[in-house]
Amino acid sequence: MKRIKIIGPAYPYRGGIATFNERLAQEFASMGIDIDIETFIIQYPSFLFPGKTQYNDKPAPENRNIKRTINSINPLNWIKVGRRIRKEAPDLVIIRYWLPVLAPCLGTIVSLARRNKHTVIICLADNIIPHEHRSGDRLLTNYFMQRIDGLIAMSQSVLKDGNSFRKNLPQGFCPHPIFDNYGEKLSFEIAKQKLKLDPNTRYLLFFGFIRDYKGLDLLINAFADERLRKFPVKLLVAGEYYSSPEPYLKLIRDNNLENLIELRTDFIPDDQVNLYFSAADMVVQPYKSATQSGVTQIGYHFNKPMLVTNVGGLAEIIPDEKIGYVVEPEIREIAGALIDFYENDRIAEFEANIVEEKKKFSWANMANTFLSVYNKIKNPE
């Protein structure tokens, strides 16, 4: 293996997938592999993007070969890019798949690239079937799935979804590695001071883009449980709205939680992520549906207890009552876990267990999973 190309979001785009691709490229480079990333000129039409901006306003990552070449809405561009990659003939193309609307673009590019009979196409799938369904999703995804050579997923539920399109596709499983590129863990006191939070209050953290499937409404209702009022705890919501804020704001008003929920609903830049995680006692992910989540792997990096719901692949990586809680996506269960956490003062116990558990989630494991699937494809039994 000499040359690998990653196709997917990267700088100047922001978000977890872009950060992941850049960190994975770093891992392959450390193995002595020639690696580059091709990202988008246009990633989404603006009307499909729910946030304020798609772009990162920070400096580009150092020592990463990132090229902006792909226009997701121009078929002539797809053909041009696919033919060029076919001529370049990298050994492996890793292509990210997370949204069916991109299937025509990505599927066309890799279909042309692999015609050189040398380049292997392995998809790293965040979702095969998206959380928020649209008409035509399965048709579009099927177009893409028929044009790849292998599949890697970070949760068993995504592999199962992949098998519903192609049963005998060479595949691999590797949990999402720990995001270790968000700086150092700070003391509670320093983090709260930098964020201008009350130094005498404990904080539960809901972090990341706010979309309806992530269950913030469940968490707000759970946090309204009167039993939590005996603890000096507030809910810290950190992340940009990707759905209408009004239903959440109404829930806060209806439950008289205005003074108990701290809203920081702008995009959180990378250089502030460590502040939010360092300030929190526990990270809460009350998702209604999920595959895997980069938020859990940031939590691991900062040795933070986590509460997740028993959906998708979240329960696969959070041992229940060892480093946190796995509960059903129901208000009463979420509230019960929050109360248990504080009543039994579990933070030190959970943090100690995280130190050992997190060793499973290395970037070397992810890189080696790609190499293993590549070898399966090149040397079938």
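# Reasoning from values to terms in a predicted model

The C-alpha centres of domain 1 and domain 2 lie 30 Å apart. The model is predicted, and the turns below take up the terms applied to it.

Me: What makes up domain 1 and domain 2, and how many residues does each bring to the contact?

Reply: Domain 1 comprises 3-177 + 362-378, and domain 2 comprises 188-360. The contact draws on 22 residues from domain 1 and 25 residues from domain 2.

Me: Why is the pair of Phe341 and Tyr342 called edge-to-face?

Reply: A pair of aromatic rings is described by the distance of the centres and the angle of the planes. For Phe341 and Tyr342 the centres are 5.0 Å apart and the planes stand at 75°. Rings pair if their centres lie within 6.5 Å, and planes over 60 degrees apart count as edge-to-face. The pair therefore meets both conditions and is edge-to-face. By this rule the count comes to 18 aromatic pairs.

Me: Why, then, is the pair of Phe341 and Phe350 called stacked?

Reply: Here the value is 6.2 Å centre to centre, with 20° between the planes. The distance falls within 6.5 Å and the angle is under 30 degrees, so the pair counts as stacked. Phe341 and Phe350 also belong to a cluster linked by ring pairs, together with Phe231, Tyr325 and Tyr342.

Me: How do you know whether Phe341 and Phe350 are buried or exposed?

Reply: Buried means under 20% relative accessible area. Phe341 has 2% relative accessibility, so Phe341 counts as buried. Phe350 has a relative accessible area of 0% and is therefore buried. Tyr342 is buried as well.

Me: Why is Arg346 assigned to the buried residues?

Reply: The relative accessible area of Arg346 is 18%. This value is under 20%, so Arg346 is buried. Arg346 lies in the loop between α12 and α13 (347-357).

Me: What makes the link between Arg346 and Asp340 a polar contact, and which residues does Arg346 touch beyond its sequence neighbours?

Reply: The side chains of Arg346 and Asp340 are joined at 2.5 Å. The cut-off for such a pair of N or O atoms is within 3.5 Å, so the distance satisfies it. With neighbours within four places in sequence left aside, Arg346 is in contact with Tyr325, Asp340 and Phe341.

Me: How do you know that the charged end of Arg96 sits over the ring of Phe20?

Reply: The charged end of Arg96 is 4.4 Å from the centre of the Phe20 ring. The distance limit is within 6 Å, and the charge must also be within 35 degrees of the ring normal. Arg96 is listed as sitting over the ring, and its distance agrees with that limit. Arg229 likewise lies over the face of Phe223, at 4.9 Å from the ring centre.

Me: What makes helix α7 mostly covered?

Reply: Six of the eight residues of helix α7 (residues 216-223) are buried. These are Leu216, Leu218, Leu219, Ile220, Ala222 and Phe223. They pack against several elements, including β8 (202-207), β11 (282-285) and α12 (331-343).

Me: How do you know that β11 pairs with β8 and with β12?

Reply: Strands pair if at least two bridges are found between them. β8 and β11 have two bridges, in the parallel sense, and β11 and β12 (residues 306-309) have three, also parallel. Each count therefore meets the requirement. Leu204 has Met282 of β11 as its bridge partner, while Gln285 stands opposite Val308 in β12. Met282 and Val284 point one way from β11, Val283 and Gln285 the other way, and all are buried.

Terms used
Residues numbered from 1 in each chain as written. Predicted model: local features only at pLDDT ≥ 70, side-chain atom pairs only at ≥ 80, totals over all residues. Heavy atoms only, no water. Phe/Tyr/Trp six-rings, centres within 6.5 Å; stacked < 30°, edge-to-face > 60°. Buried < 20%, exposed > 50% of the residue type's maximum accessible area, 1.4 Å probe, protein only. Helix = DSSP H or I, 4+ residues; strand = E, 2+ residues; numbered from the N terminus. Contact = heavy atoms within 4.5 Å. Polar contact = N/O pair within 3.5 Å; in protein donor to acceptor, adjacent residues only side chain to side chain. Domains from an automatic or database assignment.
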